Amino acid sequence: MKDPRPSRTELIRRIEAIDARLRWLSSWIIHNANHIRESRDGLKVGGHQASCASITTIMAALYFHALRPQDKVAVKPHAGPVLHAIHYMLGNQSREQLEHFRALGGAQSYPSRTKDKIPVDFSTGSVGLGVAITAFSSLVQDYLVAHGQLKESDAGRMIALMGDAELDEGNIYECLIEGFKHDIRNCWWIVDYNRQSLDSTTADRMFRRFDDIFETCHWRVLTLKHGKRQREVFARPGGQAIADWIDECPNAEYAALTYQGGAAWRERLHRDLAGNRQALKLVDSFDDGELSGLMTNLGGHCVETLLDAFAEADDDKPTVFIAYTVKGYGLPFAGHKDNHAGLMNPTQLAALRESMGIAEGEEWEPFAGLGDNAVADLQSFMEPVKDVLARHSEKAAAIPVPSRLPVPEGKEQSTQAAFGRILLDIAKSGAPLGDRLVTTSPDVTVSTNLGPFVNQRGLFRRQHLKDVFAGAKIPSPQKWEGHEAGQHIELGIAENNLFLMLTALGLSAPLFGERLLPIGTVYDPFIARGLDALNYGCYQNSRFLLVATPSGLTLGPEGGAHQSINPPLIALGQPGLTHFEPAFVDELALIMGWAFDHMQADDGGSVYLRLTTRAIEQIERTDESWAEQALQGGYWLKEPASDADAAIVFSGALAPEALAAWDALQEDLPGLGLLNVTSPDLLHREWSAAKAARWKGEAAAPSHIERLLRRLAPHAGLVTILDGAPAALSWLGGVRGQKVSPLGIDRFGQTGDLPDLYREYRLDSDAIMDAAAELFLPQ
């Protein structure tokens, strides 16, 4: 019986044919957007033909041979058109989408999980993050395997296709260190090592340094520098001298010679190898075209070399492939230092089309220029890949959440301490919710009050980690034992890693079919240190709960470096992230329950809680009428009189000051209201959406904040206060045109106790009364 598998020669021939189609289609997609599609605004559409051309062989070999259904791939941002071309050849992408590349509703500039119509495993775009996410996803996969939620046999490789300039990003090395600590497996990073960046060529000094860095972190390093043709020539008399010359050639010179072509190669080799008769004889055995092809026959453009390398790494050891390539390979500006954003002009594009035998008018045909038998052969060969890339995933089961989480008891409590107690109650409950929680933190686990949960559920480690202090009977409130059943992933002090870890955990449902509910804690001021990664996670609709604590000037003696100011503004502007700042612990318990549901909802997202270490007196509730409104963004803690002239509006830890000022002012300002804003973010978002709907002529009910403020007279004044940037609440004046006197912190803080700091920065009850006087009393 004939073996249905193609011979090695047939396999290579077919992948080479696909490689050529991908190079053409990716170039044509970009050309169409820039030179053929109507431009209504005169702006360059852009695209990266050179960056696509350097990686087409790698992607052809990976997608049409090495990739398995369980593998996941992050494609380098500038190779997005190649990914679309692959799906177009497979029939998974429409011509209409490609004709609208970089246009509204069309194929996106960079691969996007949420906006592209083809299956995309990981969004990419912000350089380096699409690489690092694969390492954290491999850790999530190990977590699921260890917890019996994923079969070991179903584990796949998390693969990043990256440009070598991405190796300049610091988050790559933070990620490498964290991956080494957790002994990650099943991770491939394939470097398109074309030695050119956006502006010019990369530094020669980095040669061999990348190998050292990865090897130090126990990665396998496979360097694919020379293609098969080069290796064959190097084995001939004089060939080793040519090989040595290539190894010593500076990146910039190599790129320039590539652009200049065969005659320039010949002249330079004759000059540098003068006196080596065998080497020069070998050089002169090739005409200019052949010599140019030989000198650019690098490992990343050689299908056979790539297939051998992928086969060599057929285990679970993390592997980096350094695949040497030419930026713009096969295109007229190959090697030119300015080719990153370069575009072929119509004449150059026509020449490329003719060289491939593609008739004018058939540019969109996936197999144009090939005979019928060749087309049928390729289509048959590609058919199995459709299933590999289909990415059919079952909808992850919902995790039941109790209707109300328990509220910790205590007359005076901080929201940070209550958060830890609520988590501990969940961990002890035995409910399914506790089993699906995963906590993580960048070395601030104890100081953000995750300690009780970790004591109950343990650290996650694939190999057992003993608690040496406990074994030595040294008293400590913290148990620090790691095992496969653990549910806390401890990270080093690198906030970028925290947000990538949360992103990977929050994608467990769509990537692996198993839902996790990740919770990450961090000091509020240090959100900004990982802001790019936080935005990255939200952009691809990852679901997690971010608990930022401690926050604000309320941190007191820690000083300005640890006192946060602008995170509420960050939250207002961050899509996909809903921000709450609860004042009281019953609000916190209510919001946490809502968050766990919101993280699972089809139209849900991630949630950010801004908590505090300040213990404040809790209030007695007479009914539950406040709860629904608290989840909408705010409620009247003290109801205003009808058409009242004034209200105090507060968020979070400054509730005592707001209450004290309300008590002192209510005689002078009869009917004074006290509004507790639990989420400036929700209020602002709903208000903006309602305005937008009305502008479009659509029926829209008044937003929650509009309904709340209608209790006040149109000329009423608002004093707003929170332990953060005052602009987070000052926008409330725009809802009904009411006067606002905003209080908050807009300067770097300093050390001190709360009475001194609140007085210095106008956050105390006296400041609220002064602001009220400014608004309401005659001047």
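**Notebook: helices, a sheet and the cysteines**

I started with helix α3 (residues 56–66), where ten of the eleven residues are buried, so the helix is largely enclosed by the rest of the structure. A reminder to myself: I am working with a predicted model.

**Entry 1: who is buried in α3.** I listed the buried residues by name. The run from the start of the helix is T56, T57, I58, M59, A60, A61, L62, Y63 and F64, and A66 is buried as well.

**Entry 2: two helices side by side.** Next I turned to α7 (residues 170–181) and α8 (residues 209–216). At what angle do α7 and α8 pack? I read about 30°, with the axes 10 Å apart. Angles under 35 degrees count as roughly parallel, so α7 is roughly parallel to α8. Then I looked up which residues make the contact. From α7 I noted Y173, L176 and F180, and from α8 I noted F210, I213, F214 and T216. Sorting the residues of this contact by character, I got six nonpolar, one polar and no charged.

**Entry 3: an open sheet.** I moved on to the strands. I found an open sheet of five strands, ordered β16-β18-β17-β19-β20, and its pairing is mixed. Which strands sit at the edges? They are β16 (634–638) and β20 (739–743), each of which pairs on one side only. On average, neighbouring strands here are turned by 25° against each other, with direction ignored. As background for my notes, strands of a sheet pair through backbone hydrogen bonds, either parallel or antiparallel.

I then followed one pair in this sheet. Strand β19 (residues 712–721) pairs with β20 in the parallel sense, over five bridges. Picking out one bridge, I saw that T720 has P742 as its partner in β20.

**Entry 4: looking for disulfides.** How many disulfides does the model hold? My count came to zero. The cut-off I used is a pair of cysteine sulfur atoms within 2.5 Å. I checked two cysteines to see why they stay unpaired.

- For C217, the closest cysteine sulfur is in C175, 9.4 Å away, which is too far for a bond. I also noted that C217 is buried, at a relative accessible area of 12%.
- For C538, the closest cysteine sulfur is again in C175, 19 Å away and too far for a bond. C538 counts as buried too, with 8% relative accessibility.

**Closing note.** To keep for the next session: α3 is largely enclosed, α7 and α8 run roughly parallel, and the disulfide count is zero.

How values were computed
Residues are numbered from 1 along each chain as its sequence is written. This is a predicted model: local features need pLDDT of at least 70, side-chain atom pairs count only at pLDDT 80 or more; totals for chains, interfaces and linings use all residues. Side-chain values use heavy atoms; hydrogens and water are left out. Two strands pair if DSSP finds at least two bridges between them. Helices (H or I, at least four residues) and strands (E, at least two) are DSSP runs, numbered from the N terminus. Axes are lines fitted to C-alpha atoms, for helices over the stretch in contact, and angles run from 0 to 180 degrees between N-to-C directions. Angles under 35 degrees count as roughly parallel, over 145 as roughly antiparallel, 65 to 115 as roughly perpendicular and the rest as oblique. Contact means heavy atoms within 4.5 Å. Ala, Val, Leu, Ile, Met, Phe, Trp, Tyr, Cys and Pro count as nonpolar, Asp, Glu, Lys and Arg as charged, and the others, Gly among them, as polar. Buried means under 20% relative accessible area, exposed over 50%, partly exposed in between (1.4 Å probe, protein chains only).
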